[in-house]
Amino acid sequence: MAQPQFTPRVFSGIQPSGGLTLGNYLGAMKRFVTMQDEGSFETIYCMVDLHAITVWQDPGKLTRATRELCAGFIAAGIDPERSILFNQSQVPEHAQLGWIFNCVARMGWMKRMTQFKDKAGKNAENASLGLFGYPALMAADILAYHATHVPVGEDQKQHLELTRDIAAKFNHDYETEFFPLTEPVIEGAATRVMSLRDGSKKMSKSDPSDMARINMTDDAEAIASKIRKARTDPEALPSEAAGLNDRPEARNLVNIYAALADRTVDAVLAEVGGKQFSEFKPMLADLAVDKLSPISTEMARLMQDPAEIDRILGRGAERARAIAAPILAQAYDIVGLVRSA
Ligand code: TRP
């Protein structure tokens, strides 16, 4: 059956837990900015604070992380006029539609989610119910806007498939075509930034070692020292991408270089092939400082005025509600929930 036409609309979310890393910037934000600037989509970017509290968050730190993430979005190039930028909890429609989706999603589907299994670990009995239901709320984030495209990392693919399953089951059960089947826009491996200590693990804000990541707030000295100490192998750099197979640490550093320089891996290797890491690492450190310090300086400037950040988030939330509220109202009508005029 042909789907009805939906407005081309991008939605994505980042959790305000811990600080922003180079991984968030290269893997997510840079792409968000491109999609905004392209102009073929309406772009909506959300700080998913309700997702963050599925695991314990210190309240003061959560507040700060939310504002810092907002500052990071803006410093990286998201324009709060051209995009809609807000925090999830200020748009109650997410939680409301999330409840309906809790009633659409099946236990069996949720139990298969690998992120839950990873995050809950061995002690799943003690995980929050929210952590288990997390993907239904994520489906609500997306579908409350009838978003058609969702840029995310590879690790979120399963959640997007679940979002499609939820939309399809809702449409089927209520004999409607109300929700779109959203397209995932999965980032390529090249933009996946790995830990500086272990090339097989994603660079993460929750890694116990701060040396494993570059934080967007790191100064030039910290960046240079982390890159200098990054794990590598003893070989020189290859001249072609194929030479990076089975060399995860080398590949990661070259990927980071290419992403920061906006060049392909092959173009970078054509230039640096044959060099030792002792020579390549300082080049990478210089480039990273060059690209990241304007962003971190701008973040620090924005963070000096938290009231202004809150105003921006509030304005974004108002614009988000203007889209989500009528969609939620229609969903309520479809389900048969009485809404008094
Ligand atoms: N689950 C996503 C992550 O951990 C964050 C997220 C929540 C999200 N809601 C979303 C991403 C909606 C895209 C769309 O990265």
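Visitor: Which element gives the most to the lining of the largest pocket?
Guide: This is a predicted model, in which local features need pLDDT of at least 70 and side-chain atom pairs count only at pLDDT 80 or more, while totals for chains, interfaces and linings use all residues. Residues are numbered from 1 along each chain as its sequence is written, and side-chain values use heavy atoms, without hydrogens and water. Six residues of this lining come from one helix (a DSSP run of H or I, at least four residues; strands are E, at least two; both numbered from the N terminus), and that leading contributor is α1.

Visitor: Which residues lie nearest the centre of the largest pocket?
Guide: A pocket is an open set of points on a 1 Å grid over the protein atoms alone, where a 1.4 Å probe fits, with protein on both sides within 12 Å along at least five of seven lines; lining residues have an atom within 4 Å of a point. Of the 49 residues in this lining, those nearest the centre are Q15, D155, Q156, K202 and K205.

Visitor: How many residues of that lining are charged?
Guide: Asp, Glu, Lys and Arg count as charged; Ala, Val, Leu, Ile, Met, Phe, Trp, Tyr, Cys and Pro as nonpolar; the others, Gly among them, as polar. The lining of the largest pocket has 16 nonpolar and 20 polar residues, and its charged residues number 13.

Visitor: Which residues are closest to the centre of the second largest pocket?
Guide: The lining of this second largest pocket has 17 residues. Closest to the centre are N102, L129, G133, Y134 and A136.

Visitor: Which element gives the most to the lining of the second largest pocket?
Guide: Two or more residues come from each of α4, α5 (107-111) and α7. With seven residues, the leading contributor is α7.
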